[in-house]
Amino acid sequence: MEPDASMSVAARRAGGIVLVVLAILGIVSAVFVVRRPLMMAVPSCTAGRWHGCFDTFNGTVLVTVAALPLAGLAAWALASLRSASGVTPSWRMSLAEVGIVYGTVPWVWMILLPGDESGAVLSLVPLRDLLTMDTVQIVGNLLVFAALGFLVPVRFTALASVPRILAVAATCSVVVESAQYVLRLDRVSSVDDVLLNAAGAGLAALASRRWWRTAA
């Protein structure tokens, strides 16, 4: 029994390391693909100017990438505190918490940036806007709450099921779409955005099922 337990712990640890490595490789690959647009935001961001940095998609992505070491440091600090207090699994909990925030807040921020529509538009007809969306917009909507869907069931056992993750993501998406419309951000607040956001979270939850089933 003891060798089996040791192998199980080693396997879980190796799985966590693989997850972190894959996440880093994904971020690096994404940065390589969009490196040229990001370079346009470098002067404004390095100068600390709001306009041209924090109010643009390129600037938000650049700041998010630059904040990756800080996110890693925050995860390490939380894990160290938990280990010192005897809380386990310290790294799993800490990486999940930091990852949820780091992987969700930038997307929500970009959604709440002013758009280019002539006034706030509300679309409540399912699948009507989906037919007019391009590939980039569809993929972006699927990624908005992907980190939440991937990591929330790993961190919170009570939410370790795909239907619950779908409900959480749909609720969060409704709040964000409502904020777009109420704040008059000149964007389209669409039920199709809610459907895509929830679907992305659900797919991400399925991708991490191995880890949250083990945690449960």
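**Exercise 1. Find which residues Ile-165 touches, not counting residues up to four places away in sequence, and decide whether Ile-165 is buried or exposed.**

Solution. Start with the contacts, where contact means heavy atoms within 4.5 Å: Ile-165 touches Gly-149, Val-152, Pro-153, Leu-159, Ala-201, Gly-202 and Ala-205, once residues up to four places away in sequence are set aside. Next, take one of these partners, Val-152, which is 13 residues apart from Ile-165 in sequence, while the two C-alpha atoms are 7.8 Å apart in space. Then place the residue in its element: Ile-165 belongs to helix α9, where helices (H or I, at least four residues) and strands (E, at least two) are DSSP runs, numbered from the N terminus. Finally, turn to accessibility, for which buried means under 20% relative accessible area, exposed over 50%, and partly exposed in between (1.4 Å probe, protein chains only). Ile-165 has 0% relative accessibility and therefore counts as buried.

Before going on, note that this is a predicted model, in which local features need pLDDT of at least 70 and side-chain atom pairs count only at pLDDT 80 or more, while totals for chains, interfaces and linings use all residues. Residues are numbered from 1 along each chain as its sequence is written, and side-chain values use heavy atoms, with hydrogens and water left out.

**Exercise 2. State how confident the prediction is, and describe the elements of the protein chain.**

Solution. The score to use is pLDDT, the predictor's confidence in each residue, from 0 to 100. The protein chain averages a pLDDT of 85, and 89% of the residues score at least 70. Confidence is lowest in helix α1 (residues 2–33), with a mean of 67, and highest in helix α9 (residues 162–182), at 95. The chain has eleven helices and two strands, and from the N terminus on their order is α-α-α-α-α-α-β-α-α-α-β-α-α. Of the 216 residues in the chain, 34% are buried. Among contacts between residues at least 6 apart in sequence, 71% join residues at least 24 apart.

**Exercise 3. Check the span of helix α5, and work out where its buried residues lie.**

Solution. The expected span of a helix is 1.5 Å times one less than its number of residues. For the 18 residues of α5 (residues 68–85) the expected span is 26 Å, and the end C-alpha atoms are 26 Å apart, which agrees. The buried residues of this helix are Ala-71, Ala-75, Ala-79 and Arg-82. Seen down the axis of α5, these buried residues fall within an arc of 70° (taken from the directions from the helix axis to the C-beta atoms), so they line one face of the helix. That buried side packs against α6 (90–111) and α8 (146–155), whereas the face turned away from it carries the exposed residues Pro-69, Leu-70, Leu-81 and Ala-84. After the helix comes Gly-86, whose phi is positive, near 80°.

**Exercise 4. Follow strand β2 into the start of helix α10, and list the polar contacts of Ser-189 and Ser-190.**

Solution. A polar contact is a pair of N or O atoms within 3.5 Å; within protein, one must be able to donate a hydrogen and the other to accept it, and residues adjacent in sequence count only if both atoms are side-chain atoms. Ser-189 lies in strand β2 and is buried, with a relative accessible area of 3%. The side chain of Ser-189 reaches the backbone oxygen of Glu-177 at 2.9 Å. Ser-190 is also placed in β2 (residues 188–190), and at 4% relative accessibility Ser-190 counts as buried. At the start of α10, a side-chain oxygen of Ser-190 comes to within 3.0 Å of the backbone nitrogen of Asp-192. Beyond its neighbours up to four places away in sequence, Ser-190 touches Ser-123, Asp-129 and Glu-177.

**Exercise 5. Locate the disulfide, and give its handedness.**

Solution. A disulfide is a covalent bond between the sulfur atoms of two cysteines, and here the term is applied to a pair of cysteine sulfur atoms within 2.5 Å. The structure holds one disulfide, formed by Cys-45 and Cys-53, with their sulfur atoms 2.0 Å apart. The torsion about this S-S bond is about 105°, so the disulfide is right-handed. Cys-45 is buried at a relative accessible area of 18%, and Cys-53 is buried at 0%.
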